[in-house]
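Visitor: I would like a close look at a single part of this protein. Please keep the account plain and connected.

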Amino acid sequence: NDYLVKALAFDGKVRAYAIKSTELVSKLQQSHDTWPTASAALGRAATIGAMMGAMLKGDEKLTILIKGDGPIGQIVVDANAKGEVRGYVTNPVVDLPANELGKLDVASAVGEGYLYVIKDLGLKEPYRGSVPLISGELGEDFTYYFAYSEQTPSSVAAGVLVNPDYSIRAAGGFIVQIMPGLEENDISMIEASIRNISSVTSLIDQGMSPEQILETIFAEKVEFLESMNIQFKCSCSHNRIEQMLISLGKEEIKDMIEKENGAEVVCQFCNTKYYFNKEDLLQIISTL
């Protein structure tokens, strides 16, 4: 099962999260039929989104929006504090040649643009943060986001390993955050340790747990706080789609009856189809 762990190191001056997200990314791949490079881009974003969701409390939730000018278009990920994640990419059928390191070329698929994080913290206005994409590989982009939008020096890593048949072999990641008061030489030590890790996916592919990943980074001096199950879960429902149709207004719904004699609405996040026949639509109009 997919899960993440929250931990502290260096007497609480370092906060850390690590995740195994193979099943989550597999579900996303199957739901959207993504090709390898698109799978890696969406999978990395969802993996990081799950860890950012774990930083929230109660009913708080967040949306990650990656708007690049590359062939995959937008990446959208929703995550909450309960470990529920969903997401999609505008163009799932993208697979590019490997980059010079022989890896999936996520940067070219994403392109140049902006990364947005919108957090619904139950306040009147949602929190919005945005940064330009500095690499398009996403790990570095979120590292930049935490430094500039949340003023938290962080190291963010996420990876997805795709099988030749397009299925997902391994996925996971970590976020390490430095709190005020950590000594410079400790920071250098952590940085060196992270640099020495070959790749987070190779660790997960070797069967390492999220706990073992953090023990590798911190040479075993880690205090684990809690672990949390992670799953793909969409919040769409017939009722929610009906509310969306209501928001379109009478004229638009009448148009659907005339042209289509009904409506088929597909949820972007999970591809579930919702059908409304002529009678259903007339019923909705009668309430407006």
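Which residue in β11 does Val85 stand opposite? Please describe the sheet around that place, and then the side of domain 1 that touches domain 2.

Guide: Val85 stands opposite Phe232 in β11. The model is a predicted one, and the strands carrying these two residues, β5 and β11, pair in the parallel sense over two bridges. They belong to an open sheet of six strands with mixed pairing, ordered β7-β6-β3-β4-β5-β11. The edges are taken by β7 (127–132) and β11 (231–232); each has a single partner strand, so one side of each lacks a neighbour in the sheet.

Towards the β7 end of that order, the pairing can be followed strand by strand. Strand β3, residues 61–68, and strand β6, residues 113–120, pair in the antiparallel sense over eight bridges. One of the residue pairs here is Lys67 with its bridge partner Tyr114 in β6. From β6 the sheet continues to β7, with the two strands running antiparallel and joined by six bridges. Ile118 has Arg128 in β7 as its bridge partner. The hairpin of β6 and β7 has six residues between the strands, and in it Gly122 takes a positive phi near 80 degrees.

Back to β5, which also takes part in the contact between domains. The protein is divided into domain 1 (3–232) and domain 2 (238–287). Taken over C-alpha atoms, the centres of the two domains are 36 Å apart. Eight residues from domain 1 and four residues from domain 2 make up the contact. About 570 Å² is buried between domain 1 and domain 2, with 58% of it on carbon and sulfur atoms. On the domain 1 side, the residues that lose the most area to domain 2 are His32, Arg86 and Tyr88, which together account for 66% of what that side buries.

As for polar interactions, three residue pairs are in polar contact between domain 1 and domain 2, counting pairs with both residues at pLDDT 80 or more. Zero salt bridges are found across the interface of the two domains. The side of domain 1 that touches domain 2 draws at least two residues from each of α1 (22–32), β4 (74–80) and β5 (84–89). The largest share, three residues, comes from β5. By residue class, that side of domain 1 divides into three nonpolar, three polar and two charged residues.

Strand β5 thus ties the two topics together: it pairs with β11 in the sheet, and it supplies three residues to the side of domain 1 that touches domain 2.

Methods:
Residues numbered from 1 in each chain as written. Predicted model: local features only at pLDDT ≥ 70, side-chain atom pairs only at ≥ 80, totals over all residues. Heavy atoms only, no water. Domains from an automatic or database assignment. Contact = heavy atoms within 4.5 Å. Buried area = accessible area lost by both parts, 1.4 Å probe. Salt bridge = Lys/Arg side-chain N within 4 Å of Asp/Glu carboxyl O. Polar contact = N/O pair within 3.5 Å; in protein donor to acceptor, adjacent residues only side chain to side chain. Helix = DSSP H or I, 4+ residues; strand = E, 2+ residues; numbered from the N terminus. Nonpolar A, V, L, I, M, F, W, Y, C, P; charged D, E, K, R; others polar. Pairing = 2+ DSSP bridges.
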